[in-house]
Amino acid sequence: MKGFLLAGLGMLSLDGVTVQVDFRDNNLRGGTEPVLQWIKRSEGIVAAYYGRFPTSSLRIQVITEAGSGVGGGTTWAGFIRLRVGRDVSSAQLKDDWVLVHEMAHLALPDVGENQSWFSEGLAVYVEGIAREQAGNRTQEDVFSEQMKQMPRGMPQPGDAGLDHTHTWARTYWGGAMFCFLADVEIHRRTGNRKGLQDAMRAVAATSGGLSADWPITKVFATADAATGTKVFEELYAQMKDKPVTPDLHDLWAKLGVVWEGGSVTLRDDAPLADVRRAIMHPRGSGATRAGLAAPEAAGHAAAVDHAAAGDPAAAGDRAAAGDQARTGDQADAADQSAAVNPAAAAGTMPAPASRT
Ligand SMILES: [Zn+2]
């Protein structure tokens with residue numbers, strides 16, 4: 001007895017990826033079609049970022065609840081559970097971050113709880129870049145969110161390094177800050193030939209994604225090998241044990257991201273404007289560009305087997321849980337980030353606010 005009645009079932013086949021969608025309740029006011037379109041669109045965004053979708057098959061369970069919007073999601077290897085308001089609109093689905101975030105989790109091996117800051121931070125960071133590359137968000141929107149939210153990832157008084165302080169803010173935005181710093185630095189060192197995107201394509205292809213258990217050191221060694229740098233190794237050594245407070249305001253300014261008049265303006269005459277443009281530019285599918293092996297060599301069969309092996313609810317240790325918390329519990333964080341971000345008070349940075 002599954003405890004619920006399977007009221008609807010949709011099968012999508014997208015670029016060779018089989019997606020089975022289970023609707024736990026079939027009482028969506030707009031019907032299932034907008035939700036299926038949302039799933040297709042999100043799958044395409046993530047496939048474009050990684051060069052191919054991280055798994056060859058995927059099961060998605062859609063649980064409807066009262067209200068509108070997307071309530072949150074949880075991801076296991078080969079399985080994503082979503083909570084969607086029965087009054088959700090097509091516009092809300094088009095503007096949604098949750099599903100791209102959840103699908104991004106599929107591309108990274110399980111790195112364990114002490115490094116959940118990397119799995120969550122990477123999903124946060126990739127969601128913004130991948131949606132921008134696909135035309136689903138603007139550059140200004142992505143950087144506006146970064147400028148509002150990322151300062152929350154700064155260590156607070158008493159915090160240790162990323163491996164030791166597991167608050168919401170350090171996990172989601174401290175992790176995203178690590179990814180942002182890594183991405184910029186890889187671009188700088190390689191003259192914009194490589195970036196975090198190339199590194200994570202290599203990790204996804206080599207590992208098979210979330211069905212694998214990898215120590216973070218193996219993830220970073222694989223990522224660095226793909227870019228011919230030691231950026232991940234070096235940044236991890238700096239930030240894992242000790243609190244590090246990079247000058248984000250200065251970095252955004254160098255990238256040509258300026259907060260003025262209540263919104264983000266992009267400047268192409270900034271010293272690292274070419275890095276910003278390279279990060280945000282679509283890469284195409286080019287597996288060869290990232291020096292990857294042939295797609296079918298990537299061990300995805302194992303991921304499928306794992307997904308089919310049993311009730312995902314029993315595999316709670318693999319869940320990338322708590323993503324609903326991304327937009328929650330932010331009052332404290334707002335106060336804290338204002339304290340570490342004097343530029344906000346000076347009007348050259350936005351005051352932190354919840355994402356809308
Ligand atoms: Zn997540």
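Strand 4 and strand 5 pair in the antiparallel sense over six bridges. Pairing requires that DSSP find at least two bridges between two strands. Strands (E, at least two residues) and helices (H or I, at least four) are DSSP runs, numbered from the N terminus. The model is a predicted one: local features need pLDDT of at least 70, side-chain atom pairs count only at pLDDT 80 or more, and totals for chains, interfaces and linings use all residues. Residue numbers start from 1 along each chain as its sequence is written.

Within this pair, T74 stands opposite R81 of strand 5. The hairpin has two residues between the strands, and G78 takes a positive phi near 80 degrees there. Strand 4 spans residues 70-76 and is mostly covered, with six of its seven residues buried. A residue is buried if 20 or more other C-beta atoms lie within 10 Å of its own, exposed if 12 or fewer, and partly exposed in between, with C-beta atoms placed from the backbone.

R83 belongs to strand 5 (residues 79-85). R83 counts as partly exposed because it has 19 C-beta neighbours inside 10 Å. Neighbours within four places in sequence aside, R83 is in contact with I63, E65, G71 and G72. Contact here means that the C-beta atoms of two residues, placed from the backbone, lie within 7 Å. R83 and T64 are 19 residues apart along the chain, and their C-alpha atoms are separated by 5.8 Å.

The chain as a whole has 14 helices and seven strands. Of its 356 residues, 47% are buried. Among contacts between residues at least 6 apart in sequence, 67% join residues at least 24 apart.

The largest nonpolar core has 88 residues. Such a core is a set of buried Ala, Val, Leu, Ile, Met, Phe, Trp, Tyr and Cys residues joined through C-beta atoms within 7 Å. V46, A176 and A223 have the most contacts inside this core. Helix 6 (residues 168-189) gives the most to the core, with eleven residues. At least three core residues come from each of domain 1 (8-104) and domain 2 (112-346). These domain bounds come from an automatic or database domain assignment. In soluble globular proteins, nonpolar side chains tend to be buried together. Leaving aside neighbours within four places in sequence, V46 is in contact with F53, V100, M103, A104 and A130.

A223 also serves as a reference point for R201, a residue of helix 7 (residues 196-207). The two are 22 residues apart along the chain, with C-alpha atoms separated by 8.4 Å. R201 counts as buried, because 27 C-beta neighbours lie inside 10 Å.

Helix 4 (116-133) follows a loop that begins after helix 3 (98-105). At 1.5 Å a residue, the 18 residues of helix 4 should span 26 Å, and the end C-alpha atoms are 25 Å apart, which agrees. The expected span is 1.5 Å times one less than the number of residues in the helix. Of the 18 residues of helix 4, 17 are buried, so this helix is largely enclosed by the rest of the structure. Just after helix 4, G135 takes a positive phi of about 80 degrees.

E113 sits in the loop between helix 3 and helix 4. E113 is exposed, because 10 other C-beta atoms lie within 10 Å. The C-alpha atoms of E113 and H166 are separated by 9.1 Å, with these positions 53 residues apart along the chain counted as their separation.
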